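Colleague: I am new to this structure and would like to go through it by question and answer. Could you show it to me?

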Amino acid sequence: MQGDFELATTIQPLPDEQNARLQSQYAMALAQKRRQMLLGAIIVVLLILIAAFGAEVDPHKFVTNFWKFPRYFFDMTPHVGLSTFYDDVTEWYWGLGKWLKLMAETLLIAYVGTVTGAVIAFVLAFFASNSMEVSGWSKFLARRFLEFCRTVPDIVFALMFVVSFGLGPFPGVLALAIHTSGALGKLFSEVIDNIDMKPVEGLRASGASWSQQVRFAAVPQVLSNFTSYTLLRFEINVRGAAVMGFVGAGGIGQLLIEYVRKFYYVDVGAVLIIIILTVMMIDYGTEKIRHRLIAKEGMS
Amino acid sequence: MNNRSSSQTSLRDRFPELGEMRGRYAEAFIGNRRDEVKAYLLIAALISLYGFGLYYVGFTPMMLINGFGKFGIVVKAMMPPDPGSWDNAIVFMRGVIETLAMAFFGTICAAFLALPFGFLAARNIVSNSIIHHAVRRFLDIIRGIDTLIWALIWVGVVGLGPFAGVLAIITSDFGAFGKLFSEAIEAADQKPVEGIVASGGSRLESIRFGIIPQILPVLLGQVLYFFESNTRTTTIIGIVGAGGIGLYLTETIRTYLWEETSFIIMLVLVTVAAIDFISSKLRVAIIGSRPV
């Protein structure tokens, strides 16, 4: 009895002829895939070479000058002795009051720009979305306007506004606001496209006006998403505001570019550390708020 | 008709039991009210900060009108977009091509450099929490510095020109890619890895055959997305002298050559739109239409 035992699932080997055919077809399929990969790789490498040529990439220059890069950071850090630690650091941060004030100005520029842009985006997004029925031409206008605001970089707006509004933080705020309205307007209108249409239809059926449909059916659904996107944009705008000063549009960038141009390495290092710490703190804070928002969303 | 009239009656008339409910579920109602007060306070604080900000940047309606009046003159001077001469047009075109080359080369290089750091910063690959936290903070610091600031630093190292811009893109994208890659790696399904280890594969093989095939499409999508956004960034990097069309853009604005400025802006808009189109098509082909 025991000797006859045979597994029910024993696999019979294929006949040789069939096996060979399968093997060869497998090899062919594999070879074809490899050929495609190789072709793709060759195209990418060619493109990289062309791009490197176009961008004047020069390995020789890179190698001969690379030592300057760590040197740059080395120059940025002052001599801080252990015994005179406090004095060295206070001397390094001689301009701390001025720098912090400019950093606060930078944050304020980012804040006012973000809020203004978000408000504009909020209004225009309802006109640009597919789900709130608006007339074709106002949708078209809203979309093209948002597209334009989004595509022109904020610092280009700042360059032009500095000419018409004069130097100072105001052109920076305006530039950030316009670019933000474009970027957020697109995201907002996509959120609105994806809302549940039942509340809107319910309100429409009971005779609500367009603005009432927006207020009571759409806005409650989109508000937390909007807040989350606005916070993300605020992070981006803090970075943007930090360089607005490069073109004279206020904030800490003005001082940074001055120090770089005058080769005040140690001060460049000090200011950079302030910027990095602020950006990291803002990122951390907004991330916390966004996680809480998402958690709330999940509960309701 | 009936409907219309009922909508005008007050909430209290429609829910006569509201008062009773308030008494019975006092806690729920008060809780709501406390949240409401908190929300109103927050909104009030945000609005007053906004008001202070407007005051601080010197906002007055008059100033806005005056400024936009002047800006209107500028916009009028921009029409029609005109490069000035054929030679200029060719120079600007070259600038755009240089910009594209910088963005492409920079993005690809950054992606290759960031890949190993993405693995180092991923919790499921490097279990040593000191290493992965150190790598994360290092990437955070690099990301905290804007591309324009990197460009400024690299101009000091390799001199003016597009090469400095390329290096700036590589450095700033390196930080961003490192973070995104590590998140993609952490989100990868662990089952294929376990399968490979169980059937006797080495650690390296489990990464090569268990993780890489999962994350490659995600990574490619991110690289394409960054190429798109880098074409925008690269157009402005020339402001600090790091090559590309930004140099001409700044120059024409500073010398009030408005028709040329608007020509360059048009050129940039068309290029960016074309790149967006091509890259989004490629992205959909690679990973389908899910968001990056």
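Colleague: Among contacts in chain A between residues at least 6 apart in sequence, what share joins residues at least 24 apart?
Modeller: This is a predicted model, and the values are computed from it. Chain A has twelve helices and zero strands. Of its contacts between residues at least 6 apart in sequence, the share that joins residues at least 24 apart is 70%.

Colleague: What radius of gyration does chain A have, set against a compact globule of 300 residues?
Modeller: The C-alpha atoms of chain A fill a box of roughly 95 × 75 × 50 Å along the principal axes. Buried residues make up 35% of the 300 residues in the chain. A compact globule of 300 residues would have a radius of gyration near 19 Å, whereas that of chain A is 30 Å.

Colleague: Which class, nonpolar, polar or charged, has 33 residues on the side of chain B that touches chain A?
Modeller: In the contact between the chains, 47 residues of chain B meet 48 residues of chain A. On the chain B side, nine residues are polar and five are charged. The class with 33 residues is nonpolar.

Colleague: Which helix of chain A gives the most to the largest nonpolar core?
Modeller: The largest nonpolar core has 144 residues, and those with the most contacts inside it include A:Ile155 and B:Trp154. A:Ile155 is in contact with residues of chain A, among them A:Ala175 and A:Val247, and with B:Ile236 and B:Ile239. With 17 residues, the helix of chain A that gives the most to this core is α5 (residues 96–128).

Colleague: How many of the twelve residues of α8(B) are buried?
Modeller: Helix α8 of chain B covers residues 147–158 and reaches 16 Å from its first C-alpha to its last, close to the 16 Å expected. Its buried residues are covered by elements of chain A, including α10 (210–244), and by elements of chain B, including α9 (162–186). Among the buried residues are B:Trp150, B:Ala151 and B:Trp154. Of the twelve, the number buried is eleven.

Colleague: Why does A:Val200 count as buried?
Modeller: A:Val200 lies in helix α9 (residues 198–205) of chain A. Leaving aside neighbours within four places in sequence, A:Val200 is in contact with A:Gln213, A:Ala217 and A:Ala218. A residue is buried if 20 or more other C-beta atoms lie within 10 Å of its own. A:Val200 is buried because its count of C-beta neighbours inside 10 Å is 20.

Colleague: Which residue does a cis peptide bond join to B:Met79?
Modeller: Most peptide bonds are trans. The cis bond at B:Met79 has an omega of about -10°. The partner lies in the loop between α5 (61–78) and α6 (86–120) of chain B. That partner is B:Pro80.

Colleague: Is A:Phe263 buried or exposed?
Modeller: A:Phe263 is found in the loop between α11 and α12 (265–299) of chain A. Although not a glycine, A:Phe263 has a positive phi of about 60°. With 10 C-beta neighbours inside 10 Å, A:Phe263 counts as exposed.

Colleague: How many C-beta neighbours does B:Tyr256 have inside 10 Å?
Modeller: B:Tyr256 lies in the loop between α12 (246–254) and α13 (258–287) of chain B. B:Tyr256 is not a glycine, yet has a positive phi of about 60°. B:Tyr256 counts as exposed, and the number of its C-beta neighbours inside 10 Å is 11.

Conventions: Residues numbered from 1 in each chain as written. Chains lettered and ligands numbered in written order. Predicted model: local features only at pLDDT ≥ 70, side-chain atom pairs only at ≥ 80, totals over all residues. Helix = DSSP H or I, 4+ residues; strand = E, 2+ residues; numbered from the N terminus. Rg over C-alpha atoms; globule rule 2.2 N^0.38 Å. Contact = placed C-beta atoms within 7 Å. Nonpolar A, V, L, I, M, F, W, Y, C, P; charged D, E, K, R; others polar. Core = buried A, V, L, I, M, F, W, Y, C linked by C-beta atoms within 7 Å. Expected span 1.5 Å × (residues − 1).
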